[in-house]
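Please load the model in your viewer and keep the selection panel at hand. The tour below goes from one selection to the next and says what is there at each stop.

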There are 2 protein chains.
Amino acid sequence: MSRIAIRRLNSRQSDFNLQLDQLLAWESVSDTRVNAVVDEVIAEVKARGDEALIEYTNRFDRMSVDSMQALEMGAERLQQSLASLPDAQRQALEKAADRIRVYHERQKGESWTYTEADGTLLGQQVTPMDRVGIYVPGGKAAYPSSVLMNALPAKVAGVKEIIMVVPTPDGVVNELVLAAAALAGVDRVFTIGGAQAVAALAYGTQTVPRVDKIVGPGNIYVATAKRAVFGAVGIDMIAGPSEILVICDGQTDPDWIAMDLFSQAEHDEDAQSILICPDAAFIDRVEESIQRLLPTMERAEIIAVSIQNRAALIEVADLHEAAELSNRIAPEHLELSVADPQALLPEIRHAGAIFMGRYTAESLGDYCAGPNHVLPTSGTARFSSPLGVYDFQKRSSLIMFSAQGASEMGKVASVLARGESLTAHARSAEYRILD
Amino acid sequence: MSRIAIRRLNSRQSDFNLQLDQLLAWESVSDTRVNAVVDEVIAEVKARGDEALIEYTNRFDRMSVDSMQALEMGAERLQQSLASLPDAQRQALEKAADRIRVYHERQKGESWTYTEADGTLLGQQVTPMDRVGIYVPGGKAAYPSSVLMNALPAKVAGVKEIIMVVPTPDGVVNELVLAAAALAGVDRVFTIGGAQAVAALAYGTQTVPRVDKIVGPGNIYVATAKRAVFGAVGIDMIAGPSEILVICDGQTDPDWIAMDLFSQAEHDEDAQSILICPDAAFIDRVEESIQRLLPTMERAEIIAVSIQNRAALIEVADLHEAAELSNRIAPEHLELSVADPQALLPEIRHAGAIFMGRYTAESLGDYCAGPNHVLPTSGTARFSSPLGVYDFQKRSSLIMFSAQGASEMGKVASVLARGESLTAHARSAEYRILD
């Protein structure tokens, strides 16, 4: 394998901002054709339910089933997958599930109330959703770890019923994914996918129950369908390509850094791996490691395309500038491969997950550290969070006025309502004013 | 005014479920024409910035400005609006703002960490967004209370810069809205609206800074634009018509209940007011109150249309059935106008805000109770929450492995990564396994 070209940038360059913008530019656009297909699929599933679902599944996944029964996997089938796992895999999956559960327990929101001097009670009631749907891609991108990461937070939240959909194109089933579903306590599994599965979950069919929220990654059809049904159900963020940003002080083994960059790049050709470092000589050493290690990688071709098209090695003045640059990028994964990551942490405002110190490989977070691996991509960490228990809980405001409280506040509400010309509001409040 | 027709339902009727579904049916559909206009506006503002923004504002709001300076209101202008308010209005607005602030302080999320036996640290860092945009409608639906409800949670969250957009069709300015903006600590105000304002906030122009999240209600163009820019920025829920569900045990003054129903109905013709009660004779008395009070209302025409088209008085067997029905509806506003609302509360799973007891008029919550009045509509309380401080904060996972922890977990990650054929992930983890 010949040497690949790797983009080198320096924050002192006069056109650095422009180059950075170009490096980061990413927008997933659903073209007109995709939109038209998705709109039709949703309308058909909404109108004809199971019948349409079976037709689309046969067509898009090259199946030939004639009933929904053939598209549902029972609890026994899932347990069978779990039981047939090799011991090492089963134990690793259980260990990961345990750690994910323990971490997510800490995210659980609790109801609260407080009472004012006049006896008025205010608060917030936190409740789980009744039923959620988890989309799991079929084929090469089917990851058992994703099943755990999507299902366990819902389980911890107290969601009563978890429905998983996973397409089985050409009838190919992923046993590890089914085993993970059994382990995570998924209640029902349908082997459907694409926009038709999203529509079935959003609106319900005779067989597939309507859910309250749909989470999980998918291709452009799935993402477009999720955007379209948003409002009828809740959805999670629409994910872009995976990315890692490594800030290194130049003292970590360069092979480690190269492999950490590869661990994102191997996901797919669009994945993005960026190193920011104040030490030019170290950047040279990382580049040497990349060139030397690349030919030894199983997924060398995907990695090579990803690194050549989307990676960058960026030299900065110091770690403070590195942190500032990181905030502009708002990366999905941020490694602080530095001597004192806790000292740098207060400067980090926007990142999905922060991996601190030289030992904390990002891939540990993907599987078994405990925190979720479903993270905001493409700079959306500016405004969104890792998937968590809070995504499966919702809040209701609680207001209980005492007679005295209602009388006092009735006067305030009356003035404001009349200022807005909403006199039914005003009169409703005024009824509660004591003489 | 002649008597209006009011829908009466009874849960014992054989076709009750069908009738309920029809009553609740609501879907706001952006038609093809709206989509086309919005797509064009967004593309133009993205490409040409201020220039396009000025053109669209002149066209859609019938203005004739030639610079962005004319579309920005400075801090002095806002303070002037606040200073010119009548005392009663200013004091009411200040009282409301104080109570909203106090309540929302309780919603503030805090960072947390915990350390495992081997020294590994896990946690979650909570940070505010940098900059958010608040959309405030112009014209008749411009409410100062909405400015407080949208801006104050962002302020409490610690958002550094709050940008408000409010159209001024034909140059008409709402002084109360500007006063509320001054009181809430809004940083900049642009008098722009529609899809062009949403596009400017989402992508930034030469003058309007790009924000991280856009919140606030708007017409179908605004809602369609928000859906389109979702992903580039965060957005809040897309609101449907306002609704109230009153559960009454039959012991509240029927005039109070009628006026509470009117307070939703007066918002607009599509608003929905529903009473659920186990006492048929009481339902008759509420209907009498409605007929008698309606002609005395300033907004009688809007109320009449809303009540005739979308209201219902529903008889049920008992309060438990009422609660179960309420969960199916998942109302935006739920009044528990009963003797012991706290006894009924545990049965309520889905509602935006719960108003407990006969004194707690919903309109108190609209203005000054403290909790937010931006609430999930159209059944979306099944999966979403009142607007809150949490909508302006985001979380980053924290992971810092000790050498020992990374070594142990590296073994687990290695097994799982190899199970997923992600060998760069595996090797990255394996580097950290101690010999």
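Buried means under 20% relative accessible area, exposed means over 50%, and partly exposed covers what lies in between. With those limits, Phe60(A) at a relative accessible area of 35% is partly exposed. The model on the screen is a predicted one, and the values quoted along the way are computed from it.

**Chain A as a whole**

Begin by showing chain A alone, as a cartoon, where 17 helices and 15 strands can be followed. Its C-alpha trace spans about 85 × 60 × 45 Å along the principal axes. Of the 435 residues in chain A, 61% are buried. Among the contacts in chain A with a separation of 6 or more, 74% are between residues 24 or more positions apart.

**Helix α3 of chain A**

Next select residues 50–60 of chain A, which form helix α3. Asp50(A), Ala52(A), Leu53(A), Ile54(A), Tyr56(A) and Thr57(A) are buried in α3(A), and the cover over the buried residues of this helix includes α2 (32–48) and α8 (194–203) of chain A. Just beyond the helix, Arg62(A) takes a positive phi of about 50°.

Now show side chains and look for rings, of which 13 aromatic pairs are found over all chains. In Tyr56(A) and Phe60(A) the ring centres are 5.6 Å apart and the planes stand at 5°, so this pair is stacked. The two residues are four positions apart in helix α3 of chain A, so about one helical turn separates them. Tyr56(A), at 3% relative accessibility, is buried, whereas Phe60(A), at 35%, is partly exposed.

**Rings that join the chains**

Bring chain B back into view and select Trp256(A) with Tyr431(B), whose ring centres are 6.3 Å apart with planes at 15°, so that this pair is stacked. Because Trp256(A) lies in helix α10 (residues 254–265) of chain A and Tyr431(B) in the segment after α17 (423–430) of chain B, the pair joins two chains. Trp256(A) is buried at 15% relative accessibility, while Tyr431(B) is partly exposed at 26%.

Then select Tyr103(A), Trp112(B) and Tyr114(B), which form one aromatic cluster. A further stop is Arg395(A), which lies over the face of Tyr390(B) at 3.5 Å from the ring centre. Within chain B, Arg59(B) lies over the face of Phe60(B), at 5.5 Å from the ring centre.

**The contact between chain A and chain B**

Colour the residues in contact across the two chains: 122 residues come from chain A and 121 residues from chain B. About 10,800 Å² is buried between chain A and chain B, with 58% of it on carbon and sulfur atoms. On the side of chain A, Tyr367(A), Arg382(A) and Arg432(A) lose the most area to chain B, together 7% of what that side buries.

Between chain A and chain B there are eight salt bridges and 69 residue pairs in polar contact. Helix α16 (residues 403–419) of chain A gives the largest share of the side of chain A that touches chain B, namely 10 residues. For a salt bridge across the chains, select Asp212(A) and Arg382(B), whose side chains meet at 2.4 Å, N to O.

**Salt bridges within the chains**

Over all chains the structure holds 50 salt bridges. Select Asp284(A) and Arg8(A), whose side chains meet in one of 2.9 Å, N to O. Asp284(A) lies in helix α11 (residues 280–293) and Arg8(A) in strand β1 (residues 8–10) of chain A, so the pair ties together parts 276 residues apart in sequence. Asp284(A) is partly exposed at 40%, and Arg8(A) is partly exposed at 33%.

In chain B, Arg48(B) forms a salt bridge with Glu55(B), with the closest N and O atoms 2.9 Å apart. Salt bridges that share partners also join Glu44(A), Arg48(A), Glu51(A) and Glu55(A) into one network. Within that network, the side chains of Glu51(A) and Arg48(A) meet at 2.6 Å, N to O.

**A last stop in chain B**

Finally, select Ala151(B) in helix α6 (residues 144–157) of chain B, a residue that is buried at 0% relative accessibility. Leaving aside residues up to four places away in sequence, Ala151(B) touches Ile134(B), Ile162(B), Ala184(B) and Val186(B). Val389(B) is 238 residues from Ala151(B) in sequence, yet the two are 9.9 Å apart in space, C-alpha to C-alpha.

Definitions and conventions
Residues numbered from 1 in each chain as written. Chains lettered and ligands numbered in written order. Predicted model: local features only at pLDDT ≥ 70, side-chain atom pairs only at ≥ 80, totals over all residues. Heavy atoms only, no water. Phe/Tyr/Trp six-rings, centres within 6.5 Å; stacked < 30°, edge-to-face > 60°. Buried < 20%, exposed > 50% of the residue type's maximum accessible area, 1.4 Å probe, protein only. Lys NZ or Arg CZ within 6 Å of the ring centre and 35° of its normal. Contact = heavy atoms within 4.5 Å. Buried area = accessible area lost by both parts, 1.4 Å probe. Salt bridge = Lys/Arg side-chain N within 4 Å of Asp/Glu carboxyl O. Polar contact = N/O pair within 3.5 Å; in protein donor to acceptor, adjacent residues only side chain to side chain.
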